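Please walk me through this structure, taking the annotated domain, the ligand, a pocket and the annotated transmembrane region in turn.

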Amino acid sequence: MQLETQTNSDLHRVVIVGGGAGGLELATRLGKSMGRKKKAHITLIDSSRTHVWKPLLHEIAAGSMNPDKHELEYIAQAHWNHFHFRLGRMDGMNRDKKEVYVAPYFDEDIEVIPRRTFKYDTLIIAVGSTTNDFGISGAREHCIALDTQSQAERFHKQLTNALIRAQTQVEPIQAGQLEVVIVGAGATGVELAAELHNTTRELASFGLDKIDPDKDIKISIIEASDRVLPALPPKLSMAVDVELRKLRVHVYAGERVTEVTNKGVYTHSGRFIPSALVVWAAGIKAPDFLKELDGLEVNRINQLVVKRTLQTSNDENVFAFGDCAACPWPGHDENVPPRAQSAHQQASMLVKTVKARVAGKDKLPEYTYRDYGSLVNLGRYSTVGSLMGAIAGGSMYIEGLFARLMYQSLYQMHLMALHGFFAVMLQILARLITRRTEARVKLH
Ligand SMILES: Cc1cc2nc3c(=O)[nH]c(=O)nc-3n(C[C@H](O)[C@H](O)[C@H](O)COP(=O)(O)OP(=O)(O)OC[C@H]3O[C@@H](n4cnc5c(N)ncnc54)[C@H](O)[C@@H]3O)c2cc1C
């Protein structure tokens, strides 16, 4: 096993595992402040070479967003912001030796990077979550999850292939041939349904004249609860339900999926919904390897149990945040929700935490989740949401352009944390200009 000798080893070694919505913001901000001034040695480890903000994945899957325009090379971000990037998948650790183990990295079955060990003084785990299929028969084999960019791109490819096949086949389009079923009517499921409604029509309009979208393309959502968006206020659910019905998205509420086959989906009431493509978007869990991380405490969905300082419950040198952490939410029966806005807030706090640890301070900040509300974007059709807390002084229902701008602001905040204000303004301007010479959907 190769030991990575982090240079300047007299410096405090901060190792961040997972460069997603939270981890990349943290690495960038620590690099810009502490890495640049040689006050700490910051290393980010991620299993991918590039970063795409996860809440964009349903747009990539539907084809309304071209990932090439939104992905960021970790190695370049590290170079610009004074941290070190190492490619690889963490698969273990030794807490006594303060070591993190990273599996060998393969490309097309060829080992490119051998197994490595990284030493840390502060370890911060931000490896996100994956879809939870609850072990439903056939779900793993026949459903696509939207956990990674490659899964989203794979879905998009299958969708365009299905449309091209329908266009070019000699026989008439069969019932069910162009049906997409989405399991789970949370924000991801309903947003994906609306995006798919739009992009399949755009795709069909690019010369696929044999396809009649209203007749041939069917989009269904199956939800175990009795309403869409069960975790959000009923008023939001109702507004979204009305919009989905206008788009002729079939909502099967109160139906629990019992089996998925290559022909479609069975539910507990005996219903069978035929499908060419099934997306699983119901529930999350943290990655399985966290269960065996040298005795760190996990909950029933593998999240590392952390205190409000974001230190793991049984090791003060190991922190976790974002989707992979079960962080208490005082005054609530549940933990801090797994959202990009919580990962963003926690990353901001951890910048202060790391500075305090490097300065040798014992008292660390405690995290309080600020819920600014929930926004659901139904593509070009509508955006609805509820604003909470300081902005609205309680809970306020919003929709339309204001809601859309608020929705987009979360991504802009992420980009600003990575690139700064002026670079983001220039990016927005550049996109406004190039939009006129590009198709609104990804055609391949
Ligand atoms: C389609 C979709 C839409 C969403 N929309 C919204 C929204 O509108 N608003 C909102 O607030 N939230 C939304 N979310 C949830 C949001 O994306 C997550 O809460 C957020 O990304 C969590 O951030 P994170 O940093 O914890 O993890 P992630 O952003 O998932 O990043 C985890 C990183 O860890 C890396 N990684 C994983 N395992 C390992 C390993 N073993 N070793 C090394 N690296 C590893 C991954 O490659 C990834 O880069 C959405 C999620 C999805 C899937």
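**From the annotated domain to the transmembrane region**

Over residues 13-347 the chain is 28% helix and 28% strand, and the C-alpha atoms at the two ends of this span are 17 Å apart. The model is a predicted one. The span is taken from UniProt, where an unreviewed entry places the feature "domain: FAD/NAD(P)-binding" at residues 13-347.

The ligand comes next. There are 32 residues around the ligand, and those that come nearest are Ala-21, Gly-22, Asp-46, Asp-323 and Ala-340. Two of these names return when polar atoms are considered. Ala-21 has a backbone N or O atom 2.9 Å from an oxygen atom of the ligand. For Gly-22, a backbone N or O atom likewise lies 2.9 Å from an oxygen atom of the ligand. A side chain takes part too: an N or O atom in the side chain of Tyr-74 is 3.4 Å from an oxygen atom of the ligand. Taken alone, the ligand exposes 1,000 Å², and the protein buries 87% of that.

Which elements give two or more residues to the shell around the ligand? They are the strand β3 (40-46) and the helices α9 (340-358) and α11 (400-419). The largest share comes from α9, which gives three residues. By class, the shell around the ligand consists of 15 nonpolar, 12 polar and five charged residues.

A pocket can be described in a similar way. The second largest pocket has a volume of about 370 Å³. It is lined by 15 residues, of which Thr-131, Asp-133, Arg-140, Ala-145 and Asp-147 are the closest to its centre. Two strands and two helices each give two or more residues to this lining: β13 (130-131), α4 (139-142), β14 (143-145) and α5 (149-168). Of the elements, β14 gives the most, with three residues. The lining of the second largest pocket divides into six nonpolar, three polar and six charged residues.

The last stop is another annotated span. According to an unreviewed UniProt entry, the annotation "transmembrane region" covers residues 410-433. How much of the span 410-433 is helix, and how much is strand? In the model this span is 96% helix and 0% strand, and its end C-alpha atoms lie 22 Å apart. The helix α11, which gives residues to the shell around the ligand, runs over 400-419, while the annotated transmembrane region starts at residue 410.

Note on methods. Residues are numbered from 1 along each chain as its sequence is written. This is a predicted model: local features need pLDDT of at least 70, side-chain atom pairs count only at pLDDT 80 or more; totals for chains, interfaces and linings use all residues. Side-chain values use heavy atoms; hydrogens and water are left out. UniProt positions are given in the numbering used here, feature names are shortened, and annotations may be inferred rather than shown by experiment. Helices (H or I, at least four residues) and strands (E, at least two) are DSSP runs, numbered from the N terminus. On a 1 Å grid over the protein atoms alone, a cavity is a set of points where a 1.4 Å probe fits but cannot get out, and a pocket is an open set with protein on both sides within 12 Å along at least five of seven lines; lining residues have an atom within 4 Å of a point. Grid points are joined across faces, edges and corners, and a volume is the space filled by probe spheres set on the points. Ala, Val, Leu, Ile, Met, Phe, Trp, Tyr, Cys and Pro count as nonpolar, Asp, Glu, Lys and Arg as charged, and the others, Gly among them, as polar. A residue is near a molecule or strand if one of its heavy atoms lies within 4 Å of it. A polar contact is a pair of N or O atoms within 3.5 Å; within protein, one must be able to donate a hydrogen and the other to accept it, and residues adjacent in sequence count only if both atoms are side-chain atoms. Accessible areas come from the Shrake-Rupley method with a 1.4 Å probe; for residues, only the protein chains shown count as cover.
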